[in-house]
Amino acid sequence: MQGQNLRQVAIRAIFKRMDEIAAQCGNRFPLFRPSADSLWTLSRRGSWLGGFWAGLWWRRAAYTGSAGDHVVAESWSARLAPSLREPSINRSFVFWYGAAIGHQQSGKGQATEQLANQAALAISEGFNPALGGWTSGSGMGAGKLGTRALNVDALAPTLALLHGYGGSEESTRAQEHLQTCLRHLATEHGAWRTNAVLDADDGVEQEAAGAWPRGQAWAMLGLAEAVRLFGEAYRQQALQACAYWTERWGDARKPADRTRLQIAPQDLSAQVISATAMLNLSRLIPGEHWLYQQAHMQISAVLDVSNVAETGQFVGHLYHVKADDEQLVESACATFFLLENLLNL
């Protein structure tokens with residue numbers, strides 16, 4: 001099957017799978033489904049993953065033009081409102097993907113715009129001037145350690161949400177947070193740390209850089225947003241992060257050397273998130289054709305090694321089902337980024 005046709009088949013299969021999931025979960029958000037399990041773990045409020053479930057429906061509504069799909073997307077967005085009070089930077093995942101992108105693509109929707117505005121202001125209130133940014137916060141499962149941890153995961157939606165739906169103060173704080181992440185999480189050769197933890201004396205304990213592929217992918221996505229929002233000043237850091245990714249983990253079709261890389265090569269969610277980042281950057285930085293080519297190769301490889309085109313199921317997210325139990329799961333987050341690439345390649 002030709003690549004374009006295969007992508008169209010996969011898109012339709014994902015939409016069918018969404019209908020199946022919706023029938024299972026009722027009015028609760030689907031969080032994750034382990035590969036060996038037929039049942040989803042559900043949540044009334046959605047945790048940090050709920051916004052991606054709403055985001056999938058917004059992307060579907062834009063693709064199909066269906067009024068029914070638009071109504072479903074709006075209804076899931078409305079259910080996200082209780083998370084506004086959650087003390088977590090990961091609210092930016094929830095309200096960027098679950099509300100803001102719906103408002104942007106429809107050009108209307110006062111309720112989704114209001115949710116995005118409220119989220120930007122609520123997150124801004126937790127800004128730490130001494131740090132020059134936000135810690136993860138204690139909510140959404142992070143606990144006490146989250147109040148001391150600078151984390152890369154939500155960098156992209158934080159920049160996008162505060163810049164797009166806050167005021168000038170929120171936009172300034174977003175860029176300051178970006179600079180703090182560059183200072184404590186980035187390295188000069190393009191590898192990124194996932195976390196840096198503030199110690200009791202206001203110092204920062206930095207973990208090893210380049211150890212976790214999904215953390216690197218989140219950093220790439222954040223830097224793509226930085227280039228989109230703030231321009232040329234972040235071009236070099238973005239390209240370095242993508243080059244580091246490509247050298248270490250770029251060929252999804254080759255098994256990784258676990259001894260050398262100390263990673264879990266089956267975490268295909270990192271492949272689709274990094275591909276989204278490179279695809280976005282290829283549009284922002286003229287002449288860097290390798291970014292598009294690398295993204296295309298990775299998504300083609302994901303389709304080759306998964307059964308998404310047949311079932312719509314993307315079991316590619318390595319997830320801590322329990323504190324000491326990491327499993328491959330199907331999640332709205334991983335499926336959202338796969339769909340994003342299928343729609344845009």
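A pocket here is an open set of grid points where a 1.4 Å probe fits, with protein on both sides within 12 Å along at least five of seven lines. The model on screen is predicted, and the tour visits two of its pockets.

**Stop 1: the largest pocket**

Select Asn90, Asn151, Asp153, Trp212 and His320. Of the 32 residues that line the largest pocket, these lie nearest its centre. The space in this pocket comes to about 1000 Å³.

Next, colour the elements that each give two or more residues to this lining: the helices α6 (143–146) and α9 (213–230), and the strands β3 (149–151), β4 (195–198), β5 (204–206) and β6 (315–322). Then keep β6 alone: with 5 residues, β6 gives the most to the lining of the largest pocket.

Now colour the lining by residue class. Nonpolar residues number 15, polar residues 11 and charged residues 6.

**Stop 2: the second largest pocket**

Move the selection to Arg59, Glu225, Arg228, Asn280 and Glu340. They lie nearest the centre of the second largest pocket, which has 21 lining residues. About 460 Å³ of space lies in this pocket.

For the surrounding elements, select α4 (91–106), α7 (155–165), α9, α12 (268–284) and α15 (332–344); each gives two or more residues to the lining of the second largest pocket. The element that gives the most is α4, with 5 residues. By class, this lining holds 11 nonpolar, 5 polar and 5 charged residues.

**Stop 3: α9**

Finish by selecting α9, residues 213–230. This helix gives two or more residues to the lining of the largest pocket, and two or more to that of the second largest pocket.

Conventions
Residues are numbered from 1 along each chain as its sequence is written. This is a predicted model: local features need pLDDT of at least 70, side-chain atom pairs count only at pLDDT 80 or more; totals for chains, interfaces and linings use all residues. Side-chain values use heavy atoms; hydrogens and water are left out. On a 1 Å grid over the protein atoms alone, a cavity is a set of points where a 1.4 Å probe fits but cannot get out, and a pocket is an open set with protein on both sides within 12 Å along at least five of seven lines; lining residues have an atom within 4 Å of a point. Grid points are joined across faces, edges and corners, and a volume is the space filled by probe spheres set on the points. Helices (H or I, at least four residues) and strands (E, at least two) are DSSP runs, numbered from the N terminus. Ala, Val, Leu, Ile, Met, Phe, Trp, Tyr, Cys and Pro count as nonpolar, Asp, Glu, Lys and Arg as charged, and the others, Gly among them, as polar.
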